[in-house]
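I opened this notebook to keep a record of what I looked up in the structure and what I found there.

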Amino acid sequence: MTRVAAIDCGTNSIRLLVADADPATGELVDLDRRMTIVRLGQGVDRTGRLAPEALERTFAACREYAAIIKEHGAERLRFVATSASRDAENREDFVRGVLDILGVEPEVITGDQEAEFSFTGATRELTGRTDLARPYLVVDIGGGSTEFVVGDEKVRAARSVDIGCVRMTERHLVHGGEVSDPPTEEQIAAIRADIEAALDLAEQTVPLREARTLVGLAGSVTTVSAIAQDLPDYDSARIHHSRVSRARVREITEHLLHSTHAERATIPSMHPGRVDVIGAGSLVLLAIMERTGAEEVVVSEHDILDGIAWSVA
């Protein structure tokens with residue numbers, strides 16, 4: 001066993017995994033797994049820069065994670081940063097801050113690298129299952145971008161496109177600093193048009209319709225699963241490898257897009273940081289299912305974070 005730590009810093013959240021990894025058996029034993037909503041990508045689509053308050057929220061989470069990593073005595077740490085920090089003009093401020101706190105530089109990876117980590121994290125434990133046909137289409141719906149990966153044991157094709165839940169919300173639903181509550185039909189149609197255009201781009205590289213099993217990752221997908229199961233709180237064990245039908249995803253998406261902030265906030269499994277962006281995130285998932293013809297999505301709690309951990313194990 002090798003004790004490793006992995007940090008995934010995305011547009012909406014920063015997550016930590018400390019685990020014991022055994023590459024010989026393919027076993028990854030969690031010691032600590034946690035997520036903090038920091039909204040690092042706040043305003044990036046509009047300004048091209050990371051906001052000072054977003055950086056400070058992220059650095060505060062890094063300080064907390066540094067203490068946890070030290071407590072567990074992890075031998076190796078890898079910090080991967082995705083869409084927001086890849087796009088920002090002032091990303092060097094972010095890099096310096098992380099280096100000061102954690103002693104490692106964040107690796108601002110490409111969309112293709114992001115896709116490969118996501119695929120490894122989501123599918124490594126599916127090896128040998130006979131109830132899930134291959135090839136897999138792994139879809140990681142993040143805050144700033146969505147990754148599409150088709151593969152069997154290995155990645156065959158991958159593409160990252162800019163249709164994350166935060167980006168779609170800020171681009172189409174924010175006016176005068178406020179999120180539309182609820183969105184208008186015209187705003188929903190504009191989001192849908194952006195998603196469809198991005199799916200056209202993804203299909204130029206990734207054979208989306210050839211996949212036999214759709215595997216969905218990240219907070220928008222896991223939250224939809226929690227709602228579908230009517231969970232009294234967020235329960236990772238019940239969400240991991242749950243299956244949600246396309247009809248149920250459509251029903252949930254319609255409800256989320258036509259409800260108010262206050263109504264969405266009362267959903268027991270809803271993280272407060274997702275209340276404003278979950279409508280756009282669920283619409284991305286629904287559009288993917290409709291485009292590919294997937295009758296259901298297999299929901300995974302294991303994703304890019306697990307892929308990062310394996311990369312250092």
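Why is the sulfur of Cys-62 not bonded to the closest cysteine sulfur, in Cys-9? I am working from a predicted model, and in it the two sulfurs lie 6.4 Å apart, which is too far for a bond, since a disulfide calls for sulfur atoms within 2.5 Å. I also noted that Cys-62 counts as buried because its relative accessibility is 0%.

I then turned to Cys-165, whose closest cysteine sulfur is again in Cys-9, but at 14 Å, so that this pair is too far for a bond. Cys-165 is buried as well, with a relative accessible area of 2%. My search of the whole structure accordingly returned zero disulfides.

Next I looked at the sheet, which is open, has five strands in the order 3-2-1-4-5 and shows mixed pairing. Its edges are strand 3 and strand 5 (107-108), each of which pairs on one side only. Strand 4 (residues 76-81) runs parallel to strand 5 and is joined to it by two bridges, and I found Val-108 of strand 5 as the bridge partner of Ala-81. Helix 13 (residues 304-312) packs on the sheet, where it touches strand 1, strand 2 (13-22), strand 3 and strand 4, with its direction at about 140° to that of strand 1.

Last, I examined Asp-32, which sits in strand 3 (residues 27-37) and counts as buried because its relative accessibility is 13%. Its side chain makes a polar contact of 2.9 Å with that of Arg-34, and, beyond neighbours within four places in sequence, Asp-32 is in contact with Leu-16, Leu-17, Val-18, Ile-68 and His-72.

Notes. Residues numbered from 1 in each chain as written. Predicted model: local features only at pLDDT ≥ 70, side-chain atom pairs only at ≥ 80, totals over all residues. Heavy atoms only, no water. Helix = DSSP H or I, 4+ residues; strand = E, 2+ residues; numbered from the N terminus. Buried < 20%, exposed > 50% of the residue type's maximum accessible area, 1.4 Å probe, protein only. Polar contact = N/O pair within 3.5 Å; in protein donor to acceptor, adjacent residues only side chain to side chain. Contact = heavy atoms within 4.5 Å. Pairing = 2+ DSSP bridges. Axes fitted to C-alpha atoms, helices over the stretch in contact; angles between N-to-C directions.
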